[in-house]
Amino acid sequence: MNMKFLTTICFLVIASLFSLLSCKEDFLDAKYDKRKNVPSTVKDYQALLDNASVLNAGQPIMGEYAGDDYEILFPRWQNLTNLYRHTYIWSDELELINDEFVDWTEGFRKIYIANVVLDGLSSLDQNKVNVAERNEFDNAKGGALFFRGSCYYQLAQEFCKQYEPQSAEADLGLPIRLTSDLNIHVDRSTLSATYKQMLDDLHAAAVLLPATVSVKTRPSRAAAYAMLAKVYLQMGDYANSLKYADSCLTLQHELQDLNELNLMASFPFAMFNKEVIFHATLYSSAGMTQSNALVSEELYQQYENNDLRKIAYFKTSGDRYTFKGSFAGSAILFGGITTAELFLIRAESNVRLKNIIAGEADLLNVLKNRYRYNNIVLGSD
């Protein structure tokens with residue numbers, strides 16, 4: 001390549017740059033319109049809530065590490081992050097590690113989005129929301145309240161003491177953020193105030209949301225009732241956990257008969273199957289994959305041979321077992337709400353209230369869809 005050619009190329013490049021810089025509509029002069037990215041309509045706020053990769057994913061996972069359903073062998077445990085290693089062994093040094101508490105940050109990220117939606121909707125002139133938009137407005141507001149109340153419930157299960165009526169006014173709860181303004185400092189509330197906020201949000205959501213939804217990543221009134229049942233059960237208020245479990249099951253009550261599924265499949269359960277009331281998944285973590293997390297032998301042996309869950313939920317891994325029965329339809333762990341869970345909540349509530357026959361009826365209803373046909377006798381022992 002001769003010198004004359006190189007000189008010509010350089011001249012053309014420099015000339016082109018000067019041409020761009022002198023253009024009246026030069027891209028450097030273009031002004032960025034921030035308003036294009038600021039939600040301002042009901043549809044905008046609903047779109048924020050429909051971001052399932054944020055609001056429906058990343059549910060708390062630390063409880064799985066701290067629980068006793070799984071075993072992680074030492075070589076694999078060593079490869080976990082500090083956070084999960086310490087959580088798995090219930091280390092006293094957990095609070096001292098520098099790793100980010102993913103469950104905490106993901107939970108409050110969702111709460112922040114819910115607050116953005118609620119603040120935005122409250123700023124709209126509701127007198128200008130016509131009848132056609134009213135359902136959309138209510139659905140968005142109800143959805144935001146559902147997500148906020150649900151997130152506070154999930155966070156409380158990991159970062160607060162068990163709710164006890166006698167000590168809830170003194171026990172520490174969570175920082176209750178009810179605005180998207182991050183400049184407002186919020187201290188930890190009491191556990192009583194935290195649970196009250198959950199209930200307030202979920203009760204308000206139940207009034208606003210549609211009874212059921214076709215898109216199961218969206219909250220529904222059935223889902224709000226389900227969450228109320230879960231919260232009241234956790235509080236030991238069995239009359240109300242019974243009431244709202246029953247309200248939920250009145251709206252959605254179908255169960256999946258395991259006799260009708262291909263239980264030998266890698267993932268027998270379809271995503272959004274008929275038992276799912278609300279779809280969500282746990283935070284994806286390497287330690288909880290099928291190759292790393294072995295199912296407790298004690299848990300596995302509790303399933304009788306005629307119990308189809310023994311095939312639907314588990315598969316062999318050498319001489320041990322791993323979990324495959326996620327309702328997410330994949331290796332990701334399901335973290336949503338199902339009708340089976342609500343039948344069990346209603347059963348427990350009834351039994352604790354001494355309604356034994358009603359409790360047994362719900363248990364039998366679940367189990368007859370879990371066992372091989374004609375091979376279940378409840379209360380035989």
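Helix α8 gives the second largest cavity three residues of its lining, the largest share. Helices (H or I, at least four residues) and strands (E, at least two) are DSSP runs, numbered from the N terminus. A cavity is a set of points on a 1 Å grid over the protein atoms alone where a 1.4 Å probe fits but cannot get out, and lining residues have an atom within 4 Å of a point. The model is predicted: local features need pLDDT of at least 70, side-chain atom pairs count only at pLDDT 80 or more, and totals for chains, interfaces and linings use all residues. Residues are numbered from 1 along each chain as its sequence is written, and side-chain values use heavy atoms, with hydrogens and water left out.

Stay with this cavity for a moment. Its volume is about 50 Å³. A volume is the space filled by probe spheres set on the points, and grid points are joined across faces, edges and corners. The lining of the second largest cavity consists of Q46, L49, D50, N139, G143, F147, L209, T217, R218 and P219. Both α2 (42–49) and α8 (131–159) supply at least two of these residues. By type, the lining holds four nonpolar, four polar and two charged residues. Here Ala, Val, Leu, Ile, Met, Phe, Trp, Tyr, Cys and Pro count as nonpolar, Asp, Glu, Lys and Arg as charged, and the others, Gly among them, as polar.

L209, one of the lining residues, also leads back to helix α8. D138 lies in that helix. The C-alpha atoms of D138 and L209 are 6.7 Å apart, although 71 residues separate them along the chain. D138 has a relative accessibility of 17%, so it counts as buried. Buried means under 20% relative accessible area, exposed over 50%, and partly exposed in between (1.4 Å probe, protein chains only).

How many cavities of 30 Å³ or more are there? The count comes to three. The largest cavity has a volume of about 70 Å³. Its lining has 13 residues, and M288, Q290, F323, A331 and L333 lie nearest its centre. Seven residues of this lining are nonpolar, five are polar and one is charged.

Now step back to the whole chain. It has 15 helices and eight strands. Of its 381 residues, 45% count as buried. The accessible surface comes to about 20,900 Å², and 54% of that belongs to carbon and sulfur atoms. Accessible areas come from the Shrake-Rupley method with a 1.4 Å probe; for residues, only the protein chains shown count as cover. Contacts (heavy atoms within 4.5 Å) often span long stretches of sequence. Among those between residues at least 6 apart in sequence, 67% join residues at least 24 apart.

Next come the aromatic rings. The whole structure has 22 aromatic pairs. Rings of Phe, Tyr and Trp (its six-membered ring) pair if their centres lie within 6.5 Å; planes under 30 degrees apart count as stacked, over 60 as edge-to-face and the rest as tilted. F269 and Y313 form a tilted pair, 6.0 Å centre to centre with 50° between the planes. This pair links distant parts of the chain, 44 residues apart: F269 is in the loop between α11 (238–251) and β4 (276–278), and Y313 is in the loop between α13 (309–312) and β6 (314–317). Both F269 and Y313 are buried.

F327 and F334 pair as well. Their ring centres are 5.9 Å apart and their planes meet at 55°, so this pair is also tilted. F327 is buried, with a relative accessible area of 8%. F334 counts as buried too, at 19% relative accessibility. These four residues belong to one aromatic cluster, made up of F269, Y300, Y303, Y313, F314, Y321, F323, F327 and F334. F323 is also among the residues nearest the centre of the largest cavity.

Last, look at some loops. F272 sits in the loop between α11 and β4. Its phi is near 65°, a positive value in a residue other than glycine. F272 is partly exposed, with a relative accessible area of 39%. K354 also has a positive phi, about 70°, and is not a glycine. K354 lies in the loop between α14 (339–352) and α15 (356–367). At 69% relative accessibility, K354 counts as exposed.

N79 is in the loop between α5 (74–78) and α6 (82–88). N79 is exposed, with a relative accessible area of 69%. The C-alpha atoms of N79 and A286 are separated by 9.5 Å, with the two residues 207 apart along the chain.

Key. 1 Å grid on protein atoms, 1.4 Å probe; cavity = no way out; pocket = protein on both sides within 12 Å on 5 of 7 lines; lining within 4 Å.
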